Amino acid sequence: SRGLGDVYKRQASGLAVATRRGLLIKGGNALETIGRVRTVAFDKTGTLTEGKPRITEVVPFGQSKQQQVLALAAAVESGSNHPLAKAIVAHAKSLDVEVPQATEAFAIPGKAVRATVNGSKLAVGSPVHAGQMATLTLAHQQEIAKLEDGGKTVVVLFDEASKNVMGLLALRDEPRRDAREGVAQLKAMGVRSVMLTGDNRRTAQAIAGKLDIEWESELLPQDKLRLVNDLKRDAKVAMVGDGINDAPALATADVGIAMGTGTDVAMESAGVTLVRGDLRGIVRARKISRQTMANIRQN
């Protein structure tokens, strides 16, 4: 009884130290587990990147005009909280583009957002989804490849009824300043880092190259979940994310780590929250965990 009480006291002490260093750790189990983690899986957008994408190009096709493509895409995305959607809407507002009203809007996670605008059923989706649901010509594919080779994320605006591609929007989201250092510090501790993203292969490769990290691309939420389970077979795994789509993977990992700058759903699903959104906090959490557990074992 006395020994168990000492364990609890030392765990509480470790949790208090973590809080002072910008880490919210939910209980002794999460504190112990983070120190045993050998693999960290990262979501990309808003975790390894700033989560503040900006539109770099709007490319119209056919009879569409650039401003029309932007206006219709912003209308479709107007009800979404996804970083790409917010960037499209913000860009339209910054250019004083009149955005029409959208109805019947809903999202297909990891694929597209659909809505009715001016009587037409439109979608803004990934090139993979657009390739399945619309007519992507060779010219469309070449333009998408050129933009993606520049490390940009591309979304496609298309009419679901006619399957006509109306235009492309390219966005760029830069890596966080602390991301490369955080990944490097984990590597120095013998911890493997893997980036999991729904983004295209070319953009994923460009971001991963800057951060010196392993990567998997074009993943749906269920794919991330499957990969986390696969990684758990070989070692204790932490999953780091900031969005609603990350919640299942955060809950499935041995310990979930949420960005304090992310969604409430992500933080509720995680055992650890990086209050300041600094990825180097993962290294601090592991050090606090290992020091605390060493003290417990010693006593």
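This passage describes the predicted model of a protein, from its overall make-up to its two sheets and selected residues.

Residues are numbered from 1 along each chain as its sequence is written, and side-chain values use heavy atoms, with hydrogens and water left out. In this predicted model, local features need pLDDT of at least 70 and side-chain atom pairs count only at pLDDT 80 or more, whereas totals for chains, interfaces and linings use all residues.

The protein contains 13 helices and 13 strands. Helices (H or I, at least four residues) and strands (E, at least two) are DSSP runs, numbered from the N terminus. Along the principal axes, the C-alpha atoms fill a box of roughly 75 × 35 × 30 Å. Of the 299 residues, 52% are buried; buried means under 20% relative accessible area, exposed over 50%, and partly exposed in between (1.4 Å probe, protein chains only). Among contacts with a separation of 6 or more, 62% are between residues 24 or more positions apart, a contact being heavy atoms within 4.5 Å.

One open sheet has 7 strands in the order β1-β13-β12-β11-β2-β9-β10, and its pairing is mixed. Two strands pair if DSSP finds at least two bridges between them. The edges are formed by β1 (23–25) and β10 (214–216); each has a single partner strand, so one side of each is left without a neighbour in the sheet. Neighbouring strands of this sheet are turned against each other by 20 degrees on average, direction ignored. For such angles, axes are lines fitted to C-alpha atoms, for helices over the stretch in contact, and the values run from 0 to 180 degrees between N-to-C directions. Strands of a sheet pair through backbone hydrogen bonds, either parallel or antiparallel.

Within this 7-stranded sheet, strand β12 (residues 255–259) is mostly covered, with 5 of its 5 residues buried. Burial extends to both faces of β12: V255, I257 and M259 lie on one side, and G256 and A258 on the other. Strand β11 (residues 237–241) pairs with β12 in the parallel sense over 4 bridges, and the bridge partner of G241 in β12 is A258. Between these two strands the chain passes through helix α11 (residues 247–252), giving a right-handed β-α-β crossover. A crossover is right-handed if, with the strands pointing away from the viewer, the path from the first strand over the helix to the second runs clockwise. Strand β13 (residues 272–274) also pairs with β12 in the parallel sense, over 3 bridges, and L274 in β13 stands opposite M259. A right-handed β-α-β unit is made by β12, helix α12 (residues 264–269) and β13. Elsewhere in the sheet, strands β2 (residues 39–43) and β9 (residues 192–196) are paired in the parallel sense over 5 bridges, with R192 in β9 as the bridge partner of T39.

A further open sheet has 6 strands in the order β3-β8-β7-β6-β5-β4, with antiparallel pairing. Its edge strands, β3 (54–60) and β4 (102–108), each pair on one side only. The average turn between neighbouring strands of this sheet is 20 degrees, direction ignored. Strands β7 (residues 153–159) and β8 (residues 165–172) run antiparallel and are joined by 6 bridges; L157 stands opposite G167 in β8. Helix α5 (residues 83–94) lies across β3, β7 and β8, and runs at about 105 degrees to β8.

R114 lies in strand β5 (residues 112–117) and is partly exposed, with a relative accessible area of 27%. The side chains of R114 and E160 are joined by a polar contact of 2.6 Å. A polar contact is a pair of N or O atoms within 3.5 Å; within protein, one must be able to donate a hydrogen and the other to accept it, and residues adjacent in sequence count only if both atoms are side-chain atoms. Leaving aside neighbours within four places in sequence, the contacts of R114 include V76, E104, F106 and L122.

In helix α8 (residues 179–188), the residues A179, G182, V183 and L186 are buried. They cover an arc of only 95 degrees around the axis, which puts them on the same side of α8; the arc is that of the directions from the helix axis to the C-beta atoms. Just after α8, G190 takes a positive phi of about 85 degrees.

T45 is found in helix α3 (residues 44–48). Its side chain makes a polar contact of 3.3 Å with the side chain of K44. Not counting residues up to four places away in sequence, T45 touches G51, P83, D173 and D242.
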